[in-house]
Amino acid sequence: MKKLCVLIFGLLALAQASSAAESVKGSVTYLQRIAMPAGALLEVSLVDISRADAPASIVGTTQIYGPFSSPVKFRINVDPEKIDAKNDYAVRATIRVDGKLYMTTDKAYLVLTKDRGNSVELAMRGVGSEAIAIEQPLEKLPAYYTGVLPCADCEGINYQLQLLPGNFYFLRTKYAGKRKVPEDEVGRWLIVDRNRLLLDQATDKGDNQQFRIVDNRQLRKLDVQGQDIVSNLNYSLLESTEKPFNPSLSMKGLYTHTAGAGQFTDCITGQRWPVAHEGKNANLEKSYGKKTKTPGSPLLVSLKVNIVERPTADTGTAAAHVLVKKVKRVSKEHTCDSVTGRPATAKRI
């Protein structure tokens, strides 16, 4: 009987230890003593940050839908099989309001491996227009930067970065010797800590990239924790006078058509472009006409596009236009809520 009791207590202790290892918990605080508005989304993620030359991989995440006030408690369920004792893991958090980044953690909060425990207290800071207004180290926009940065499993990553007025960017990356087709993305750029550039994808594609603004002619890549990478390899993008690339993207946004002309507003960045009268524009106009009963009302569309320079209808001067390559879907929805709003897995508190 005594051996049986010892065995039972041992199994209970083992189960409790296993349970503790299968979750990361803690709280999120921010300095502003305000309740976040309805539509605010807190996302807390556990990420593997072991490789400084690669995006952090998400191990687990939890989402909490506002309104909420600081501090906010959270728990992330973790699959133990995804944890490698040799690796480093950190917890990050972001708050988005109407799909736009509003607050973020700006340091690494290490957990789990190497006796770091599974409980953590996160502190966040604002990265909205107030942070941008502190100082603007980029003297001229648009700005175009290029460079070849190190790659863990290829010959190098060719970066082409366009920073544009209105705080949005286009980024093209091409993995030399690995992928023949470059990858393009669009997002919002933000400046935090006066000289740190954050590229906010506002998607779940991966980690938001960060660069230190050395000066107007040079950006230096930072690691996933926002810290300088100590290396003899090149981690700098330099200002370029080359002609910027024409991005090729899959985008979701609101389309309107009035007076024979179409307008497209991207849900992620809020940028608005006229639609070029070529490509699959006629298909988009036809689908729009079938879906809407009120001409001129916005409809949510999913498109494959190029961003190109075309003369404007009123002045004839060159300006960015959306060139439709493929119409994926035209919805009857009139807002971007399904793109930037509450995800189905979010939890209301």
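Colleague: Which residue in β7 stands opposite Ala-90?
Modeller: First, this is a predicted model, so local features need pLDDT (the predictor's confidence in each residue, from 0 to 100) of at least 70, side-chain atom pairs count only at pLDDT 80 or more, and totals for chains, interfaces and linings use all residues. Residues are numbered from 1 along each chain as its sequence is written, and side-chain values use heavy atoms, leaving out hydrogens and water. Strands are DSSP runs (E, at least two residues; helices are H or I, at least four), numbered from the N terminus. β5 and β7 run antiparallel, joined by 3 bridges, and the residue opposite Ala-90 is Leu-110.

Colleague: Over how many bridges do β2 and β5 pair?
Modeller: Two strands count as paired if DSSP finds at least two bridges between them. One bridge here has Leu-41 with Arg-96 of β5 as its partner. β2 and β5 run in the antiparallel sense, and their bridges number 9.

Colleague: And which residue in the turn between β5 and β6 has a positive phi?
Modeller: β5 is joined to β6 (residues 100-104) by 4 bridges, again antiparallel, and Thr-94 stands opposite Thr-104 in β6. The two strands make a hairpin with 2 residues between them, and the one with a positive phi of about 55 degrees is Asp-98.

Colleague: Is β5 largely enclosed or open?
Modeller: I'd go by burial, where buried means under 20% relative accessible area, exposed over 50% and partly exposed in between (1.4 Å probe, protein chains only). In β5, 8 of the 9 residues are buried, so this strand is largely enclosed.

Colleague: Arg-96 has a charged side chain, so which residue does Arg-96 form a salt bridge with?
Modeller: A salt bridge here is a side-chain nitrogen of Lys or Arg within 4 Å of a carboxyl oxygen of Asp or Glu. Arg-96 is buried at 16% relative accessible area, and its partner is buried too, at 2%. The closest N and O atoms are 3.0 Å apart, and the partner is Asp-200. That pair links strand β5 to a distant part of the chain, 104 residues away, in strand β13.

Colleague: Which residues are linked with Asp-88 in a network of salt bridges?
Modeller: Asp-88 meets one Lys side chain at 2.9 Å, N to O, and this pair ties together two loops, so it joins parts that are 26 residues apart in sequence. Asp-88 also meets an Arg side chain at 2.8 Å. Both basic partners are partly exposed, the Lys at 47% and the Arg at 28%. The residues linked with Asp-88 are Lys-114 and Arg-116.

Colleague: Which element gives the largest share of the largest nonpolar core?
Modeller: A nonpolar core is a set of buried Ala, Val, Leu, Ile, Met, Phe, Trp, Tyr and Cys residues joined through side-chain atoms within 4.5 Å. The largest one has 27 residues, and those with the most contacts inside it are Leu-42 and Leu-46. With 5 residues, the largest share comes from β5.

Colleague: Over residues 2-20, below what value is the pLDDT?
Modeller: The mean pLDDT of the protein is 82, with 83% of residues at 70 or more. Residues 2-20 have just 1 contact (heavy atoms within 4.5 Å) beyond near neighbours in sequence. Where pLDDT is low, the predicted coordinates should not be read in detail. In that stretch the pLDDT is below 50.
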